[in-house]
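Reader: I am in my first year and would like to learn how to read a protein model step by step. Could we go through one together, with questions from me and answers from you?

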Amino acid sequence: MIGIVDYGMGNLYSLSQALERLDAPFLISSQVTELEKTDGLILPGVGAFKDAMRALTQQKLVSFLRAYAANQPLLGICLGMQLLFDESEEGELTAGLSLLPGRIVRFSGKQSDGKRLKVPHMGWNTLEFQQADAPILAGLKPDYAYFVHSYYACTSVPEILIATAPYGIAVPAIVGRGLVYGTQFHPEKSSRFGEQLLKNYLDFVKEKKQRREAGI
């Protein structure tokens, strides 16, 4: 069972539709008592980092998510991916979940040659794989994905970069370490590539559940 974390700032409809197409059992909840029964979580998100962290705090989900990710898979999508990091400068400096190292920063609006760059980064962009052997990329080749964001993850730990997208800089598009994954783009809106990526996450969750049950 997959749990979709509902804290009032996620695009729940399109994500739930994507899971239905994959015949994946799921529940949508903000209640720890429900979410802790799941085999893996998805943390969606649309909006501002500070507002999202406030909502997670008010619903007593921050400490739960940190503890959950130490033992079971967690996938963050768009703003949900950004929340996985240490902090964000959006609005004012705000602490995140600190599941991945780095800070969320705003696009400068300029390329390295000084030319202007549209912000937000919106629409289809190509992916460049940094770790083609990552489980989340099983059976996939670099393709297009759908982005909508004005801030991006800045990290000094390249080992967490699984795929990037060129947009003035190498934008972290898929990140991960241990049981934690994140996508800056919306896989539920990224056609067959996104659908396969979600399936790969479901397979990852299933494999980890089987290992837990086997005591491995």
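Reader: Which residues does UniProt list for "domain: Glutamine amidotransferase"?

Author: Keep in mind that what we see is a predicted model. Over the stretch that the record covers, the chain is 23% helix and 33% strand, and the end C-alpha atoms are 16 Å apart. The domain name comes from an unreviewed UniProt entry, and the range listed there is residues 4-200.

Reader: In what order do the eight strands of the open sheet follow one another?

Author: The pairing within this open sheet is mixed. At its edges stand β2 and β9 (128-129), each with a single partner strand, so one side of each is left without a neighbour in the sheet. Reading across from one of these edges, the order is β2-β1-β3-β4-β14-β13-β12-β9.

Reader: Which residues are the bridge partners of Gly 3 in β2 and in β3?

Author: Strand β1 runs parallel to β2, to which four bridges join it, and β1 also pairs in the parallel sense with β3, over three bridges. In β2 the bridge partner of Gly 3 is Leu 27, and in β3 the partner of Gly 3 is Leu 41.

Reader: What is the handedness of the β-α-β crossover from β1 through α1 to β2?

Author: We have just seen that β1 and β2 run parallel, joined by four bridges. To pass from β1 to β2, the chain goes through helix α1, and this β-α-β crossover is right-handed.

Reader: Are the two faces of β1 covered or open?

Author: In a regular strand the side chains alternate between the two faces of the sheet. In β1, Ile 2 and Ile 4 lie on one side, while Gly 3 and Val 5 lie on the other, and these four are all buried. Both faces of β1 are therefore covered.

Reader: Which residues of helix α1 are buried, and what covers them?

Author: Helix α1 spans residues 12-21, and its buried residues are Leu 12, Ser 14, Leu 15, Ser 16, Ala 18 and Leu 19. An α-helix has 3.6 residues a turn, so residues three or four places apart point the same way. The cover over the buried residues of α1 includes β1 (2-5), β2 (26-29), β3 (40-43), β4 (74-77) and α6 (191-213).

Reader: At about what angle to β3 does α6 run?

Author: It helps to begin with helix α4 (residues 62-69), which lies across β1, β3, β4 and β14 (180-183) and runs at about 130° to β3. Helix α6 lies across β1, β3, β4, β9, β13 and β14, and the angle between α6 and β3 is about 145°.

Reader: Which residue in β13 is the bridge partner of Ala 163?

Author: Strands β12 (residues 161-167) and β13 (residues 169-177) are paired in the antiparallel sense over six bridges. Within β13, the bridge partner of Ala 163 is Ile 174.

Reader: Leaving aside its neighbours within four places in sequence, with which residues is Pro 142 in contact?

Author: Pro 142 has its place in the loop between β9 and β10 (144-149). Once the neighbours within four places in sequence are left aside, Pro 142 is in contact with Leu 127 and Phe 129.

Reader: How many disulfides does a search of the whole structure find?

Author: Cys 78 is buried, with a relative accessible area of 6%, whereas Cys 154 counts as partly exposed at 40% relative accessibility. The closest cysteine sulfur to that of Cys 78 is in Cys 154, 18 Å away, which is too far for a bond. The number of disulfides found in the whole structure is zero.

Note on methods. Residues are numbered from 1 along each chain as its sequence is written. This is a predicted model: local features need pLDDT of at least 70, side-chain atom pairs count only at pLDDT 80 or more; totals for chains, interfaces and linings use all residues. Side-chain values use heavy atoms; hydrogens and water are left out. Buried means under 20% relative accessible area, exposed over 50%, partly exposed in between (1.4 Å probe, protein chains only). Contact means heavy atoms within 4.5 Å. Two strands pair if DSSP finds at least two bridges between them. Axes are lines fitted to C-alpha atoms, for helices over the stretch in contact, and angles run from 0 to 180 degrees between N-to-C directions. UniProt positions are given in the numbering used here, feature names are shortened, and annotations may be inferred rather than shown by experiment. A crossover is right-handed if, with the strands pointing away from the viewer, the path from the first strand over the helix to the second runs clockwise. A disulfide is a pair of cysteine sulfur atoms within 2.5 Å.
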